[in-house]
Amino acid sequence: MQQTTPERALAGMLAKHIVSLYDMCFADGVSFGMDTWDEKITDSLNYLFLLKAIVKEGHTNQQN
């Protein structure tokens, strides 16, 4: 849809979660439940695992 590579699309989704985790780490006076931490961390790890699979399959830097 955006004429991009799979790894670039995944990097965009991963960036959203990393920024969210960063914001949570630096949120003074705000407490987040373990469910929220688990969700953000697990999603970030899953995006990294998916990125590894894409790179391993040899789709790196190929346009769709």
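What do the buried residues of α1 pack against? They pack against α2, residues 34-56. This is a predicted model, in which local features need pLDDT of at least 70, side-chain atom pairs count only at pLDDT 80 or more, and totals for chains, interfaces and linings use all residues. Residues are numbered from 1 along each chain as its sequence is written, and side-chain values use heavy atoms, with hydrogens and water left out.

**Overall make-up**

- The chain has two helices and zero strands. Both terms refer to DSSP runs, numbered from the N terminus: H or I of at least four residues for helices, E of at least two for strands.
- The chain has 64 residues, and 19% of them count as buried. Buried means under 20% relative accessible area, exposed means over 50%, and partly exposed lies in between (1.4 Å probe, protein chains only).
- About 5,000 Å² of the chain is exposed, and carbon and sulfur atoms supply 59% of that area. Accessible areas come from the Shrake-Rupley method with a 1.4 Å probe; for residues, only the protein chains shown count as cover.
- Take the contacts in the chain with a separation of 6 or more: residues 24 or more positions apart account for 73% of them. Contact means heavy atoms within 4.5 Å.

**Helix α1**

- Helix α1 covers residues 6-25. Its 20 residues should span 28 Å at 1.5 Å a residue, and the end C-alpha atoms are 29 Å apart, which agrees. The expected span is 1.5 Å times one less than the number of residues in the helix.
- The buried residues in α1 are Glu7, Leu10, Leu14, His17, Ser20, Leu21 and Met24. They sit on the same side of α1, because they cover an arc of only 145° around the axis. The arc is that of the directions from the helix axis to the C-beta atoms.
- The face of α1 turned away from its buried side carries Arg8, Lys16 and Tyr22, which are exposed.
- Ile18 also lies in α1. Its relative accessible area is 44%, so Ile18 counts as partly exposed.

**Helix α2**

- The 23 residues of α2 should span 33 Å at 1.5 Å a residue. The end C-alpha atoms of α2 are 32 Å apart, which agrees.
- Lys40, Ser44, Tyr47 and Ile54 are the buried residues of α2. Their cover includes α1.
- Val55 is in α2 as well. It counts as partly exposed because its relative accessibility is 43%.
- Gly58 follows α2 and has a positive phi, near 90°.

**Ser44, seen from both helices**

- Ser44 belongs to α2. Its relative accessible area is 6%, so Ser44 is buried.
- Outside its neighbours within four places in sequence, Ser44 is in contact with Leu14, His17, Ile18 and Leu21.
- The side chain of Ser44 also reaches the backbone oxygen of Lys40 at 2.9 Å.

**Pairs far apart in sequence**

- Ile18 and Asp43 are 25 residues apart along the chain, with their C-alpha atoms separated by 9.6 Å.
- Val55 and Pro6 are 49 residues apart along the chain, with their C-alpha atoms separated by 9.3 Å.

**Aromatic pairs**

- A search of the whole structure finds two aromatic pairs. One of them joins Phe32 and Trp37, edge-to-face, at 6.2 Å centre to centre and 90° between the planes.
- Rings of Phe, Tyr and Trp (its six-membered ring) pair if their centres lie within 6.5 Å; planes under 30 degrees apart count as stacked, over 60 as edge-to-face and the rest as tilted.
- Phe32 has 29% relative accessibility, so Phe32 counts as partly exposed. Trp37 is partly exposed too, at 22% relative accessibility.

Terms used
Polar contact = N/O pair within 3.5 Å; in protein donor to acceptor, adjacent residues only side chain to side chain.
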